[in-house]
Amino acid sequence: MSDSIKTASKIIKFVSIAVISGFCVFAADHYYRIENHARELLPKLSMTVFIDKNCNDDAQVCEAIEALGFVTVSEYVHSKNVYDKAVEKNPFLKDVSVPGDSEIFQSYVKASPSSFPTEDFLVAARNAVSGVENVSEVVFNPEVFKEYARVKNLLDFYRKILLIFAVIIIVLLISQSILFILESEDNTRKFIIGAISYLIAASIGFVVVWGICLFMQYPLIINEIAAFYIIPLTAAFGIIFNENCRS
């Protein structure tokens with residue numbers, strides 16, 4: 001193989017690693033967007049449990065709800081404070097509602113899931129909480145729970161794929177590097193030079209894509225910390241498939 005062909009081959013490999021690194025920026029951004037969506041859904045994962053107006057001991061009801069093990073009481077609002085709480089969240093109610101008759105309001109609690117909210121969990125939790133004495137109604141948005149479960153399962157799937165990919169890359173990198181270095185003493189220098197070259201190529205790809213996104217004002221969700229796993233993994237991928245390391 002002529003020197004020009006070897007040089008062109010190296011350039012293509014380095015450019016390919018830079019492109020893969022840039023692609024990983026968008027892949028990581030996609031993951032962080034889903035993770036951010038899950039964080040936004042988390043505060044909405046609550047049940048509003050209304051307590052019967054004739055109940056004499058709201059605290060006992062709260063304890064009974066938590067004792068079930070399905071949810072944790074995160075907020076308690078007494079009937080006398082319900083109107084003020086509603087106005088605090090929706091100021092326009094001050095103009096359309098008439099406070100003063102506390103008997104029309106019910107005390108309620110906000111209850112958050114104590115475990116991962118699957119569909120089975122929702123049915124079991126609703127039935128259990130509804131069965132507590134002096135609980136008059138349980139209100140929640142099932143669509144939010146279903147969306148959170150979908151997003152959470154998707155994130156778990158991505159994490160497993162990344163973990164499997166990382167383990168495979170690390171095992172292949174270590175085994176092939178050891179075999180390559182043991183073949184000849186000169187291979188140690190070649191391996192170090194190749195590793196540095198691919199790290200540089202991966203870094204360039206990361207920085208170029210990051211810079212283009214900033215210039216075009218594309219809102220990347222990821223931060224600089226992503227570089228600490230995108231660049232090494234991409235460089236390791238290039239080292240493993242570097243045919244020169246076996247020549």
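**Notes on the strands, helix α8 and the largest pocket**

1. Let's start with a single pairing: Val49 has Val109 as its bridge partner in β3. Keep in mind that this is a predicted model. The two strands in question are β1, residues 47–51, and β3, residues 108–113. They run antiparallel and are joined by 4 bridges. A second pair in this part of the sheet puts Phe50 opposite Tyr108 in β3.

2. What else does β1 pair with? Strand β4, which covers residues 135–139, is joined to β1 by 4 bridges, and the two run antiparallel. For a residue to click on, try Thr48, which stands opposite Val139 in β4. So β1 has bridges to β3 and to β4, and 4 of its 5 residues are buried, which is why the strand is largely enclosed by the rest of the structure.

3. β3 has another partner to look at. Strand β2 (residues 71–77) pairs with β3 in the antiparallel sense, over 6 bridges. Val109 turns up again here: Tyr76 has Val109 as its bridge partner in β3, just as Val49 does.

4. Zooming out, the protein comes to 8 helices and 4 strands. Reading from the N terminus, the order is α-β-α-β-α-α-β-α-β-α-α-α. There are 247 residues, and 34% of them are buried. If you take the contacts between residues at least 6 apart in sequence, 81% of these join residues at least 24 apart.

5. Now helix α8, residues 227–240. How far does α8 reach from its first C-alpha to its last? The span of this 14-residue helix is 20 Å, close to the 20 Å expected at 1.5 Å a residue. α8 is also mostly covered, with 10 of its 14 residues buried. Among them are Ile230, Ile231, Leu233, Ile239 and Ile240, along with Thr234 and Gly238.

6. Just past that helix, Phe241 sits in the segment after α8. Is Phe241 buried or exposed? Its relative accessible area is 53%, and exposed means over 50%, so Phe241 counts as exposed. For a spatial reference, Phe241 and Leu172 are 9.9 Å apart, C-alpha to C-alpha, with their positions 69 residues apart in sequence.

7. Last, the largest pocket, which holds about 580 Å³ of space. It is lined by 19 residues, and the closest to its centre are Cys24, Ala27, Ala28, Leu162 and Tyr229. Which helices supply at least two residues each to this lining? They are α1 (3–41), α6 (142–183) and α8. The largest share, 9 residues, comes from α1. By type, the lining divides into 15 nonpolar, 2 polar and 2 charged residues.

Note on methods: Residues are numbered from 1 along each chain as its sequence is written. This is a predicted model: local features need pLDDT of at least 70, side-chain atom pairs count only at pLDDT 80 or more; totals for chains, interfaces and linings use all residues. Side-chain values use heavy atoms; hydrogens and water are left out. Buried means under 20% relative accessible area, exposed over 50%, partly exposed in between (1.4 Å probe, protein chains only). Two strands pair if DSSP finds at least two bridges between them. The expected span of a helix is 1.5 Å times one less than its number of residues. On a 1 Å grid over the protein atoms alone, a cavity is a set of points where a 1.4 Å probe fits but cannot get out, and a pocket is an open set with protein on both sides within 12 Å along at least five of seven lines; lining residues have an atom within 4 Å of a point. Grid points are joined across faces, edges and corners, and a volume is the space filled by probe spheres set on the points. Ala, Val, Leu, Ile, Met, Phe, Trp, Tyr, Cys and Pro count as nonpolar, Asp, Glu, Lys and Arg as charged, and the others, Gly among them, as polar. Contact means heavy atoms within 4.5 Å.
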